Amino acid sequence: MKKIAIVTGGSSGIGKAAALMLYENGYTVYEFSRRGEDYSDIAHITANVTDPASIAAAAAKVIEKEGRIDLLVNNAGFGISGPVEFTDSSDAHAQLEVNFYGVFNCIQAVLPQMRAQASGRIINLSSVAAPIAIPYQSFYSAAKAAINSLTLALRNEVRPFGIQVCAVQPGDIRTGFTAARKKSHAGSHIYKSLDHAVAVMEHDEQNGMAPEAVAKVILKAANAKKCWALYTVGAQYKLFTLINKLLPATTVNWLVGKIYR
């Protein structure tokens, strides 16, 4: 029997690569996004992760057709950049609304079904920017750090029901995410390193790994008998997260500042 998977934000980038890889490895895949269409036998369902009713209705359609949900991949998200001092409150709220509360809404939509079937797996897309906060990406880093905390807490809450939860932490990935980032240059006359820091960040992204590298890790986490709590994608990023654990926070923070100065 094929396992049933939902991938949010599966119309492009990491989400599309993950949806295709899951499909190619035997999953029946449903893709949730605001704009999209069916592709490669992957069914698109229009849904907005910031709208709990929309996500609940989309999940209900999957349950009605398939009778179960075996896997949820929470991938939908976007980025903003700019100094904390000059970030519009509405932009900060939007960043958390999509990247964190969107994950929360999707989890709430699938958990009743997963509990009822006494099985299921939830994979949340985090980032290396969660443990290693990036200057001028403060709210993106904060949202991803919140996802890690949510993942670890939820992992213990749902273990008695046969449900497993983990987070995947990519580093720099070559996708349309970079072009879609909402960049604010407000305050650049005061924060002299802003434009350089964002340019370094975007250069690293566009020269980063292909989204399929993340999809492979998502597939590994989906198929593991027991998934790890956190998966970091890429050897150099595994090294960075290890250094982050071994060195004092002040030292790591100083080193990160030097990179983006």
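Before you start clicking, one definition will help: a residue is called buried under 20% relative accessible area, exposed over 50%, and partly exposed in between, using a 1.4 Å probe and protein chains only. This is a predicted model, in which local features need pLDDT of at least 70 and side-chain atom pairs count only at pLDDT 80 or more, while totals for chains, interfaces and linings use all residues. Residues are numbered from 1 along each chain as its sequence is written, and side-chain values use heavy atoms, with hydrogens and water left out.

**Stop one: Trp-228 and Tyr-231**

Select Trp-228, which counts as exposed at 51% relative accessibility. Now add Tyr-231, which is buried with a relative accessible area of 4%.

**Stop two: the aromatic pairs**

Rings of Phe, Tyr and Trp (its six-membered ring) pair if their centres lie within 6.5 Å; planes under 30 degrees apart count as stacked, over 60 as edge-to-face and the rest as tilted. The structure holds seven aromatic pairs. One of them joins Tyr-136 and Tyr-191, an edge-to-face pair with 6.5 Å centre to centre and 85° between the planes. How many residues apart are the two partners? They are 55 residues apart, so to speak in distant parts of the chain: Tyr-136 sits in the loop between strand S6 (120-125) and helix H4 (138-158), and Tyr-191 in the loop between strand S8 (182-183) and helix H6 (194-206). Helices here are DSSP runs (H or I, at least four residues), strands are E runs of at least two, and both are numbered from the N terminus.

Colour the two by accessibility: Tyr-136 is buried at 11%, whereas Tyr-191 is partly exposed at 27%. For comparison, return to the rings of Trp-228 and Tyr-231, whose centres are 4.9 Å apart with planes at 15°, so this pair is stacked. Then add Phe-86 to your selection, as Phe-86, Tyr-136 and Tyr-191 form one aromatic cluster.

**Stop three: helices H1 and H7**

Show helix H1 (residues 13-24) and helix H7 (residues 211-223), which pack at an angle of about 50° with their axes 8 Å apart. The axes are lines fitted to C-alpha atoms over the stretch in contact, and angles run from 0 to 180 degrees between N-to-C directions. H1 and H7 are therefore oblique to each other; angles under 35 degrees count as roughly parallel, over 145 as roughly antiparallel, 65 to 115 as roughly perpendicular and the rest as oblique.

To see the contact (heavy atoms within 4.5 Å), select residues including Ala-17, Ala-18 and Met-21 of H1, and Val-214, Ile-218 and Leu-219 of H7.

**Stop four: Gly-15**

Stay in helix H1 and pick Gly-15, which is buried with a relative accessible area of 0%. Not counting residues up to four places away in sequence, Gly-15 touches Val-7, Gly-9, Gly-10 and Asn-75.

**Stop five: Gln-95**

From Gly-15, move to Gln-95, 80 residues apart in sequence and 18 Å apart in space, C-alpha to C-alpha. Gln-95 is found in helix H3 (residues 89-117). Is Gln-95 buried or exposed? Gln-95 is buried, at 0% relative accessible area. Beyond four places in sequence, its contacts are Phe-78, Gly-79, Ile-80, Phe-100, Phe-139 and Tyr-140.

**Last stop: Ile-147**

Finish in helix H4 with Ile-147, which counts as buried at 1% relative accessibility. Display Asn-99 as well: the two are 48 residues apart in sequence and 8.3 Å apart in space, C-alpha to C-alpha. Leaving aside neighbours within four places in sequence, Ile-147 is in contact with Asn-99, Phe-100, Val-103, Asn-124, Leu-125 and Ser-126.
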